[in-house]
Every structure is written in C-alpha cells, then in structure tokens.
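Visitor: I'm new to this structure, and I'd like a close look at a single part of it. Could you pick up one residue and walk me outward from there?

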Amino acid sequence: MVICDRCNNSVKPTANYCPECGSELNPTRKDWSDGFLSLVDRGHIQEAIDGNETLPEGYHTRLHETVRHAMADFCLLDRWAEFDNHEALYGDLRDEEITTDDVGELEKLVRLTCPFRFLINATGVDTLENVLEASILFASDESELTLDDIDVSIEVTGDGE
C-alpha cells in the first residue's frame, strides 16, 4: 500500500489518485505538462469525458481548488506591466486572416473561446455581462469611471442572425 501525503490514507500501489482526498499520488509527472493540469489529470479527465472513468469526489474538490489558483495566477499576470497578455494569447497565431481550411490555426484560435465558454457555462449570459462590465471597470485607467458608465449587452437570438 501507498500512503497519501495529503491525508495519510492507505491507497493501492497502482492508484494515480487518492480515493479519499483526490490528491495526485505521483505529482512529479506534473513537470511534464504544458498546462496547469498534469498529464495524469489530463488522461483521467479525458477518460471521464469519454465515459470510461468516474473520478472520486475528492478529486473534483482538488481540481476546483487548482482552477481557482490558476485564475488567481491569471489575475496576477494581468497586473504585471511587463507581461504581454496579447503575446501570450496570440503569439503562435499567424497575423494574416485564418481560413476555415487551416485546421491547425483554427485549433489555436478555438482556445481563445474556452475562457468565455467556461464563464458562460458557470454563470450564464446575464451574469457574464456583469462580470465583463466589472472587468472593463478594473482594466480602465479612468478614475472617474463607475459601473453605471459601462453597459455590456450580449444578445443571443438563436435564429442564426
């Protein structure tokens, strides 16, 4: 048996996650990842998406905490004047117009929609409008600007217009 470093639970030696608290049992693999999720996380999440695996409740709690920390990291980077947000988001995209037959470039562009889909799925459109208004206020250099001065409206018609 393996002992979980986080909760001291006894775990089968073949397990990747603690069934009690959801902690990854081999965190050194995280160093090999391109994002904030470890390769093991990515594999388990994809298996869950495909319907081949059910993850323990503790795993979800740990993952929610990981996402909140990642969001806080984005906020910190946004406050750092020397960090180029535009380069981080668009740096590997070509400057010319992307065509629909260029699958590789389209896949890169799609990642820019993910934060908005994440917010819409978590909050709904009405709350997203409020979040965007507050974001505009926080990003503004105008000291006299208030939320009453900002109006963001998202209209979803559903009829293709």
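Guide: Sure, let's start with V131, a residue of helix 6. Keep in mind that this is a predicted model, so a word on confidence comes along with the tour. Helix 6 covers residues 125-139 and has the highest confidence in the protein chain, with a mean pLDDT of 91. V131 itself counts as partly exposed, because its relative accessible area is 30%, which falls between the 20% limit for buried and the 50% limit for exposed. Now look across to L119: twelve residues separate V131 and L119 in sequence, and their C-alpha atoms sit 9.1 Å apart in space.

Stay on the helix and find E133, which also has its place in helix 6. E133 has a relative accessible area of 12%, so it is buried. Leaving out neighbours within four places in sequence, E133 is in contact with L147, I150, D151 and V152. Take D151 from that list: E133 and D151 are 18 residues apart in sequence, yet 6.5 Å apart from C-alpha to C-alpha.

Helix 6 also takes us to the largest pocket, which holds about 2,000 Å³ of space. The pocket has 34 lining residues, and those closest to its centre are M71, F74, L89, P115 and F116. Helix 6 is one of the elements that give two or more residues to this lining, along with helix 2 (57-79), helix 3 (85-90) and helix 5 (114-123). Helix 2 provides the largest share, ten residues. As for the character of the lining, 24 of its residues are nonpolar, three are polar and seven are charged.

Let's step back to see where helix 6 fits in. The protein chain has six helices and two strands, and from the N terminus on their order is β-β-α-α-α-α-α-α. Of the 161 residues in the chain, 20% are buried, and E133 is one of the buried residues. If you take the contacts in the chain with a separation of 6 or more, 22% of them join residues 24 or more positions apart.

Two more stops are worth a look while you have the model open. In helix 1 (residues 39-49) you'll find H44. H44 is buried, since its relative accessible area is 14%. The side chain of H44 makes a polar contact with the side chain of E53, at 2.4 Å. Not counting residues up to four places away in sequence, H44 touches N16, Y17, E53 and L55.

The other stop is N8, in the loop between strand 1 (2-3) and strand 2 (10-11). N8 has a phi near 65 degrees, a positive value in a residue other than glycine. With a relative accessibility of 59%, N8 counts as exposed.

Last, back to confidence. The protein chain averages a pLDDT of 82, and 89% of the residues score at least 70. While helix 6 scores highest, helix 4 (residues 103-110) is where confidence is lowest, at a mean of 75. Where pLDDT is low, the predicted coordinates should not be read in detail.

Note on methods
Residues are numbered from 1 along each chain as its sequence is written. This is a predicted model: local features need pLDDT of at least 70, side-chain atom pairs count only at pLDDT 80 or more; totals for chains, interfaces and linings use all residues. Side-chain values use heavy atoms; hydrogens and water are left out. pLDDT is the predictor's confidence in each residue, from 0 to 100. Helices (H or I, at least four residues) and strands (E, at least two) are DSSP runs, numbered from the N terminus. On a 1 Å grid over the protein atoms alone, a cavity is a set of points where a 1.4 Å probe fits but cannot get out, and a pocket is an open set with protein on both sides within 12 Å along at least five of seven lines; lining residues have an atom within 4 Å of a point. Grid points are joined across faces, edges and corners, and a volume is the space filled by probe spheres set on the points. Ala, Val, Leu, Ile, Met, Phe, Trp, Tyr, Cys and Pro count as nonpolar, Asp, Glu, Lys and Arg as charged, and the others, Gly among them, as polar. Buried means under 20% relative accessible area, exposed over 50%, partly exposed in between (1.4 Å probe, protein chains only). A polar contact is a pair of N or O atoms within 3.5 Å; within protein, one must be able to donate a hydrogen and the other to accept it, and residues adjacent in sequence count only if both atoms are side-chain atoms. Contact means heavy atoms within 4.5 Å.
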